[in-house]
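Student: Could you walk me through how the strands in this protein fit together? I'd like to go slowly.

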Amino acid sequence: MSNRPIDVREKLSPREFVQEYIVPNKPVIVSDALDTWRARELWTPEYFLSLLGTLPVEVTRDGPDPEGRMPYSEFYEHLRLAQTGPVPEDGSIQHLRYMRMREMAPLEQVRGQWARPYFMPKRGYCIPFAPLGLDPTRERYPGFGLFISPRGGASKLHVDGIRSNAIVCQVHGSKRCYVLAPDQEAQLPDRDSRRARQVKHLEFEPPSFGRAKMVEFDLHPGETLFVPHLWFHEVHTTQTSISLTYNFVHGSEALGFAWWFLKTSLTNPNSHSVG
């Protein structure tokens, strides 16, 4: 039995997933979702070094916007030093970068090593529009990315765009997750303060989110996290990590999504992008 502060499930059927988590907008960890993936055995930073070599890869700091590219072989050395080196005296992670591979083509050679998590419905999606189904290993979903991140790296507190849900498949390494329900937004510091906040290494300083009620837990190798729409989340890498993520809106959310889209088309059209 898990003592973590959110549900941890196994053998979760797609029907149960929709009814118990998508519809009530409730996060969950599925502990056995990647059991059949060959990626669980193969995917390590060294494995991708053998595949990618000096291929330039996109890197970023603590948000979704890329800062440039570097050869994967150079990024691999960055990972190695972050895993074994000391934490800076001021706890800064500003020197750390993580990799996001957005394109499907470079992943063609590993396509047979991962699959749609078994609890995810095969069809009935609004975003991407796929009422009859879409294979995420062949067609790019919104927000898709293979992320490789160093110990100490972090993605700053954010909400995913287009009122979408996120699936985080933790293949290798571990992460510390902080999630906050949508009704906690009023208890957070203002957006400008959050954007300006300097994220520190977890071994130096845990994050603070004002008066908001935060749920904290670790995500372990082989587990998959469902982050529901409009939930705030910040993720810190505690051990060199490889994860695969993408976003979606299911048909069971269609009415709520349509109303949100119409309302924000006038008030916040930038929220219609997820990357």
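Tutor: Let us begin with a term: two strands pair if DSSP finds at least two bridges between them. Please keep in mind that this is a predicted model.

Student: Okay, so how many bridges join strand 6 to strand 12?

Tutor: Strand 6, residues 125–127, is joined to strand 12 by two bridges, and these strands run antiparallel. Within that pairing, Tyr-125 stands opposite His-250 of strand 12.

Student: And what about strand 9 and strand 12, how many bridges there?

Tutor: Strand 9, which covers residues 165–180, is joined to strand 12 by 14 bridges, again in an antiparallel arrangement, and here Val-168 stands opposite Thr-245. Strand 8, residues 154–158, also runs antiparallel to strand 12, with three bridges, and Ser-155 has Val-235 as its bridge partner.

Student: Is strand 12 mostly covered or uncovered?

Tutor: Strand 12, residues 232–250, is mostly covered, with 17 of its 19 residues buried.

Student: Switching topic, which residues of strand 5 lie on which side?

Tutor: In strand 5, residues 98–101, Tyr-98 and Arg-100 are on one side while Met-99 and Met-101 are on the other, and all of them are buried, so both faces are covered. In a regular strand the side chains alternate between the two faces of the sheet.

Student: Which residue in strand 7 does Arg-100 stand opposite?

Tutor: Arg-100 stands opposite Phe-147, in an antiparallel pairing of strand 5 and strand 7 that has three bridges. Phe-147 also stands opposite Ser-243 in strand 12, and strand 7 pairs with strand 12 over five bridges.

Conventions: Residues numbered from 1 in each chain as written. Predicted model: local features only at pLDDT ≥ 70, side-chain atom pairs only at ≥ 80, totals over all residues. Heavy atoms only, no water. Buried < 20%, exposed > 50% of the residue type's maximum accessible area, 1.4 Å probe, protein only. Helix = DSSP H or I, 4+ residues; strand = E, 2+ residues; numbered from the N terminus.
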